[in-house]
Amino acid sequence: MVETSSYALRLAGVKINKLAVALSLLGITVLISRTANLIQAPMTAKFIDYGKVDLNFDVLGYLRIIIVASSFGTILGILLFPTLVNLWGRVISKFEIAGSLPKLISSVTIGQLINTRHYIQKPSFRLSGFRYLGIPKRFILLNVLVTAIYTVGVISSLYAARLVPELSTSASQSSGLINGMATILLTIFIDPQIGLITDKACNNAVYKEKLGKIYLLLMISRFFGTLLAQFLLIPAAYFISFAIKIF
């Protein structure tokens, strides 16, 4: 959900012509995401430890539940997208006045938090609105694939530790074998394209109106990526198991 909400931050920046400020705040979403991963990682690793003690413990089933949770988180991000755009727009404006994140955070009052309810907006979906966005299908499919690989990166390494208990430490530290491929694809194909799309919106009023739908389409593709991750989990785990035996 946190990664998905970064699209809302970009759109809010474009809407109020403060994209540079918005991009500077992307670190907040990264910080929240990494903090969540720090909490999740040891909790997930416990499933592998339980599996070592109890051979009948359904490790794979619990790992699949985690992937299902990521799917629900993406859906939640999609539903909250209009609301997050409104909230991020307000945060960007306040950040310009405060001048720094510590001052921005310290200036928040209870009354302001209560007033956030006025920024809540119901999402609306019209399939006809996605027909003429000019986004290549291969780009959408690539975004699905990259999301799927990222989703199973750490989880597949933990399951690989279950498959090869004699090399469990090596396996649990080998998520980079999977995430590395996703990082290459993201850096070369996804991020530059998103940057071009956003830049077009900044310089073209017509394209700016389409940007929200384009981001929504990308978020939907991320959801399908989490579904694809269910099918990639076991192959990715076996790939890691094979790779660490070679190295």
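How exposed is Phe224: buried, partly exposed or exposed? Phe224 is partly exposed, with a relative accessible area of 46%. Keep that residue in mind, since one of the views below returns to it. Everything shown here comes from a predicted model.

**View 1. The whole chain is built from helices.** The chain holds 11 helices and zero strands, so a walk along the sequence reads α-α-α-α-α-α-α-α-α-α-α. Along the principal axes, the C-alpha atoms fill a box of roughly 55 × 45 × 30 Å. Of the 247 residues, 41% are buried. Among contacts with a separation of 6 or more, 82% join residues that are 24 or more positions apart.

**View 2. The surface and the charges of the chain.** About 14,100 Å² of the chain is exposed, and carbon and sulfur atoms supply 66% of that area. The chain carries 23 positive and 9 negative charges, and the mean positions of the two groups are 12 Å apart.

**View 3. Phe47 and Tyr62 form a stacked ring pair.** There are six aromatic pairs in the count for this model. In one of them, the ring centres of Phe47 and Tyr62 are 5.1 Å apart and the planes meet at 25°, so the pair is stacked. Phe47 belongs to helix α3 (residues 26-53) and Tyr62 to helix α4 (residues 59-79), so this pair ties together parts that are 15 residues apart in sequence. Phe47 has 19% relative accessibility and counts as buried, because the cut-off for buried is under 20%. Tyr62, with a relative accessible area of 38%, is partly exposed.

**View 4. Phe47 and Tyr62 belong to a ring cluster.** Which residues do ring pairs link into a cluster with Phe47 and Tyr62? Tyr50 and Phe57 are the other members of this cluster.

**View 5. Phe223 and Phe224 form an edge-to-face pair.** Here is the residue from the opening question again. The ring centres of Phe223 and Phe224 lie 5.6 Å apart with the planes at 65°, so this pair is edge-to-face. Phe223 counts as buried at 19% relative accessibility, whereas Phe224 is partly exposed at 46%.

**View 6. Tyr207 sits in helix α11.** Helix α11 spans residues 205-246, and Tyr207 has its place there. Is Tyr207 buried or exposed? With a relative accessibility of 15%, Tyr207 counts as buried. Ile197 is 10 residues away from Tyr207 along the chain, and the C-alpha atoms of the two residues are separated by 8.6 Å.

Note on methods: Residues are numbered from 1 along each chain as its sequence is written. This is a predicted model: local features need pLDDT of at least 70, side-chain atom pairs count only at pLDDT 80 or more; totals for chains, interfaces and linings use all residues. Side-chain values use heavy atoms; hydrogens and water are left out. Helices (H or I, at least four residues) and strands (E, at least two) are DSSP runs, numbered from the N terminus. Buried means under 20% relative accessible area, exposed over 50%, partly exposed in between (1.4 Å probe, protein chains only). Contact means heavy atoms within 4.5 Å. Accessible areas come from the Shrake-Rupley method with a 1.4 Å probe; for residues, only the protein chains shown count as cover. Lys and Arg count as positive and Asp and Glu as negative; His and the chain ends are not counted. The place of a charge is taken as NZ of Lys, CZ of Arg, CG of Asp or CD of Glu. Rings of Phe, Tyr and Trp (its six-membered ring) pair if their centres lie within 6.5 Å; planes under 30 degrees apart count as stacked, over 60 as edge-to-face and the rest as tilted.
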